[in-house]
Amino acid sequence: MSKVRTDTIAAVATPPGRSAISLIRVSGPAAFEVLNRIFKTGGKKTFPLPHCAYYGSIIEPIAGLIADKVLVTTFVAPHSYTGENLVEVSTHGNIVVVSKVLQIILQNGARGAEPGEFTRRAFLNGKMDLLEVEAVSQLLSADSMSQARLALNQLDGLPSHFVGRIRAHLLDHLVQLEASLNFPEDAIEAIDEHILARELKKIRAELQIFADNARNGSMVAGGLKVALLGRPNSGKSSIMNYMLGRERAIVTDIAGTTRDTLEESLMIGNYAIKLIDTAGLREPGDRIEAIGIERTRRAVDDAFALIGVFDGSSQPDSDDRLVLAELDRAGKPCIILRNKTDLPQQLPDNFFGGRDQLQASALNGLGLEQLVASLSALISQSGLGGYEELVLLGAQQSAALERALASLDRACAGIGRMYQDMLAIDLEETVRELGRVNGETVDVNTLDLIFERFCIGK
Ligand SMILES: Nc1nc2c(ncn2[C@@H]2O[C@H](COP(=O)(O)OP(=O)(O)OP(=O)(O)O)[C@@H](O)[C@H]2O)c(=O)[nH]1
Ligand SMILES: [Mg+2]
């Protein structure tokens with residue numbers, strides 16, 4: 001899809017299958033005309049009045065046969081989801097009936113909508129910016145209430161307001177800079193570089209906080225990754241299975257049972273977690289194990305938090321020391337878990353160098369509720385538990401934000417040191433890239449990438 005279209009589109013907005021009701025949306029300048037051709041109201045109310053609900057029949061114009069008894073709701077531009085005239089037809093939830101009604105609509109002046117086309121029109125008509133579009137997308141794909149709440153927060157418009165304000169601010173500076181460059185002889189005040197430098201640094205700091213919130217937002221939205229780390233046979237897979245309540249990972253007494261990383265979702269309180277079981281850390285015995293251990297290290301890098309699992313029933317060895325070193329290297333929130341406390345203990349307490357340790361047994365589950373409580377506490381302490389600040393960005397928006405930060409850095413570093421026209425180029429790039437974050441400047445190809453992730457009917 002390459003250009004803005006002004007025709008009338010229609011699609012089923014509800015999933016296929018049997019249900020009480022299905023919904024068909026029709027949007028565009030001819031939405032009411034299409035309905036006028038095929039809809040006969042049951043009551044006396046004239047059709048279409050703005051923002052009214054009508055009970056009546058969809059009738060195939062040529063054959064004159066009733067396709068369904070429906071409820072039709074009217075929304076008049078610009079007060080609709082798309083900003084266009086929009087009609088919602090609630091049919092009986094049977095795929096045969098829904099398809100027939102949609103077919104009649106399509107034969108009478110509407111065309112089938114492409115994925116995300118309703119939301120694309122909402123964006124193009126200024127009903128929402130790209131940050132709100134991203135929130136809609138993530139709301140539709142949320143697996144937990146915490147993810148949904150994050151998206152709903154963003155729909156309230158705070159991130160949009162923030163980016164709009166920062167961008168307008170930078171644009172002001174850019175305009176002043178351009179004016180003093182282009183009309184030096186006119187009575188335009190010369191730019192005070194000290195003031196500009198201070199302003200840009202302030203904006204840079206605000207933008208960095210926004211970028212951090214976006215990084216945290218994507219961690220929370222995707223489920224916070226928590227990786228189990230430990231030497232072979234320490235009991236990582238047993239802990240994973242216990243927490244999931246099912247035998248997900250293979251458990252044996254053969255060291256090196258888990259060779260690949262396994263990822264499973266679970267809820268801890270209100271938080272969506274991705275628990276990751278990993279291949280035990282040690283000097284690899286073969287190529288497959290080496291690849292598995294490489295993946296373990298990647299999982300550590302991607303994780304929000306780590307659970308270091310140690311076998312309390314045996315003497316510590318060099319692999320355990322490797323695990324401790326890896327936990328230190330990662331520098332992430334981490335919980336040290338002494339497992340197998342149902343057996344006589346051989347692992348000395350001072351092995352952890354005075355760090356807190358939890359005691360548990362994956363065999364009988366003792367102590368694992370404490371692990372859940374500790375994880376929950378880690379999340380609360382990290383500040384990721386609150387949603388007010390977090391931001392959701394799509395891949396294109398994140399990349400644009402990174403570019404905006406980089407060009408703003410160049411501008412900050414160059415003030416007083418480079419020509420003002422170079423400074424203007426960097427500022428211009430920052431403004432343009434921020435426009436790609438909220439959609440004020442965006443090209444059609446990027447829009448295609450964004451909206452193709454949506455389903456048809458949204
Ligand atoms: N007694 C006792 N045995 C346990 C406990 N946790 C795990 N085991 C046993 O220890 C062995 C290894 O457990 P796994 O869960 O496969 O250990 P792992 O860390 O995933 O091992 P790799 O996948 O090889 O890295 C199995 O025989 C488990 O039954 C425990 O708390 N107590
Ligand atoms: Mg395992």
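The following dialogue examines how several descriptions of this predicted model are justified.

Student: Why is the chain called more spread out than a compact globule?

Tutor: The radius of gyration is 29 Å, whereas the globule rule gives 23 Å for 458 residues; the value is well over the rule, so the chain is more spread out than a compact globule. The C-alpha trace spans about 85 × 75 × 35 Å along its principal axes. The secondary structure of this chain comprises 14 helices and 13 strands.

Student: What share of the residues in the chain is buried?

Tutor: Buried residues make up 49% of the 458 residues. The accessible surface comes to about 21,900 Å², and carbon and sulfur atoms hold 55% of that area.

Student: What share of the contacts with a separation of 6 or more comes from residues 24 or more positions apart?

Tutor: Such residues account for 66% of those contacts in the chain.

Student: Why is Val26 called buried?

Tutor: The term requires a relative accessible area under 20%. Val26 has a value of 0%, so Val26 is buried. This residue belongs to strand S2, which covers residues 19-27.

Student: Which residues does Val26 touch, not counting those up to four places away in sequence?

Tutor: Val26 touches Thr8, Ile9, Ala10, Ala31, Leu35, Asn85, Leu86, Val87, Ile105 and Ala110. Each counts as a contact because heavy atoms lie within 4.5 Å. As for Ala221, its C-alpha is 31 Å from that of Val26, and the two are 195 residues apart in sequence.

Student: Why is His51 called partly exposed?

Tutor: Partly exposed lies between the limits of under 20% for buried and over 50% for exposed. His51 has 43% relative accessibility, so His51 counts as partly exposed. His51 sits in the loop between S3 and S4.

Student: What is the relative accessible area of Lys340, and where is Lys340 found?

Tutor: The area is 22%, which is not under the 20% required for buried and not over the 50% required for exposed, so Lys340 is partly exposed. Lys340 is found in the loop between strand S12 (334-339) and strand S13 (358-359).

Student: What is the sign of phi in His51 and in Lys340?

Tutor: Phi of His51 is near 50°, a positive value in a residue other than glycine. For Lys340, also a residue other than glycine, phi is positive and near 65°.

Student: Which peptide bonds are described as cis, and what is omega in each?

Tutor: The bond joining Phe47 and Pro48 is cis, with omega about -5°. Pro48 is placed in the loop between strand S3 (39-41) and strand S4 (53-59). The bond from Ala77 to Pro78 is also cis, and its omega is near 0°. Pro78 is placed in the loop between strand S5 (66-75) and strand S6 (86-93).

Student: What makes Ser237 and Thr258 donors to the magnesium ion (ligand 2)?

Tutor: A donor is an N, O or S atom within 2.8 Å of this metal. Ser237 contributes OG and Thr258 contributes OG1, at 2.0 to 2.1 Å. The pair links distant parts of the chain, 21 residues apart: Ser237 is in helix H8 (residues 236-244), and Thr258 is in the loop between H8 and strand S9 (262-268). Both Ser237 and Thr258 are buried.

Student: How many charged side chains of each sign does the chain have?

Tutor: There are 47 positive and 58 negative side chains, and the centres of the two sets are 7 Å apart.

Definitions and conventions. Residues numbered from 1 in each chain as written. Chains lettered and ligands numbered in written order. Predicted model: local features only at pLDDT ≥ 70, side-chain atom pairs only at ≥ 80, totals over all residues. Heavy atoms only, no water. Donors = N, O, S within 2.8 Å, 3.2 Å for Na, K, Ca; no water. Helix = DSSP H or I, 4+ residues; strand = E, 2+ residues; numbered from the N terminus. Buried < 20%, exposed > 50% of the residue type's maximum accessible area, 1.4 Å probe, protein only. Rg over C-alpha atoms; globule rule 2.2 N^0.38 Å. Areas by Shrake-Rupley, 256 points an atom, 1.4 Å probe, with all protein chains shown as cover. Lys, Arg positive; Asp, Glu negative; His and termini not counted. Charge placed at Lys NZ, Arg CZ, Asp CG, Glu CD.
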